Amino acid sequence: MTQLLEWSPLIVFFVTFELRDIYWATAALMIACALQLLIHRLRAGSFKTMHIATTCVVLVLGTATLLLHDQRFIQWKLTVLLALMSAVFLGSMVIGKQPLVRRMLEAAIPEPLAVSARSWQLINLLWAGWFAAFAVLNLYVAKNFAVSLWVKFKVFGFPAATMLFLLPQVFWLAGKATPQPAATRAQRLRERLESRFAPAQLTVEDESHLHEGHAGAAGGQSHFRIRIVAEAFRDLSSVARHRLIYAAVDDLMKSDIHALAIEALPPDKS
């Protein structure tokens, strides 16, 4: 469902273009991006920075496209976003403790990575260059080819090329991964909740021994029960509190945790 939400504006844009034209597709894209922003907010309890940036650029350039009846504005959208991404990656090398690519890829790979700081800097530069190159390439395709070919380049070409660009890095990083003992999973869950919510109280119980032989219990530790008391849960429904917690441990749910029982309370309800 999460991946479908991420791809939905692009799918809506392509389908509408095929059925109507670039102007209808632009209007549909504007609506889809705004809905994506709101749906993520409702599901996760917060806005996603990339969604905000994309929606702002789409609304500004999409409005110019429709008012001036000039398709070039929406065609510049990909270039503007990629140029911004390139600048953000470069800026992360001097602002913050770690390059952005390191934060992204370490969050995607659960095991610690034996990669030097210099290597992370080089990979980060590679990503910045990749986004900059495609920002220029998008302008070239938009200027020199039919709009139908540009749409296919935007919808299929760029994602496919990015996947090919990313795959060798994933395989290389996987070889640098250092597996963690299963015994640290509860600690990782605790650290994630403490850093995200600064709880007044937090109890993490490993109940994996109660589920031995069940699906998802491989490794002997995958079922946890937590009781967390934090100010972040004040004035939120039980469902909203659970959503916040699941959003905070989303990557751990894909690797370390098979089932998570939650009791989340504000301080005055504990």
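The questions and answers below cover the sheet, one helix residue and the nonpolar cores of a predicted model.

Local features need pLDDT of at least 70, side-chain atom pairs count only at pLDDT 80 or more, and totals for chains, interfaces and linings use all residues. Residues are numbered from 1 along each chain as its sequence is written, and side-chain values use heavy atoms, with hydrogens and water left out.

Q: Which strands stand at the edges of the open sheet?
A: Strands here are DSSP runs of E with at least two residues, and helices are runs of H or I with at least four, numbered from the N terminus. Two strands pair if DSSP finds at least two bridges between them. The sheet has 3 strands in the order β1-β2-β3, with mixed pairing. Each edge strand has a single partner, so one side of it is left without a neighbour in the sheet; these are β1 (201–206) and β3 (259–265).

Q: What is the bridge partner of Phe224 in β3?
A: Strand β2 (residues 223–229) runs parallel to β3 and is joined to it by 7 bridges. For Phe224, the partner in β3 is Leu260.

Q: Is Thr65 buried or exposed?
A: Thr65 belongs to helix α3 (residues 49–68). Buried means under 20% relative accessible area, exposed over 50%, and partly exposed in between (1.4 Å probe, protein chains only). With a relative accessible area of 0%, Thr65 is buried.

Q: Which helix supplies the largest share of the largest nonpolar core?
A: Such a core is a set of buried Ala, Val, Leu, Ile, Met, Phe, Trp, Tyr and Cys residues joined through side-chain atoms within 4.5 Å. The largest has 39 residues. Its largest share, 10 residues, comes from α6.
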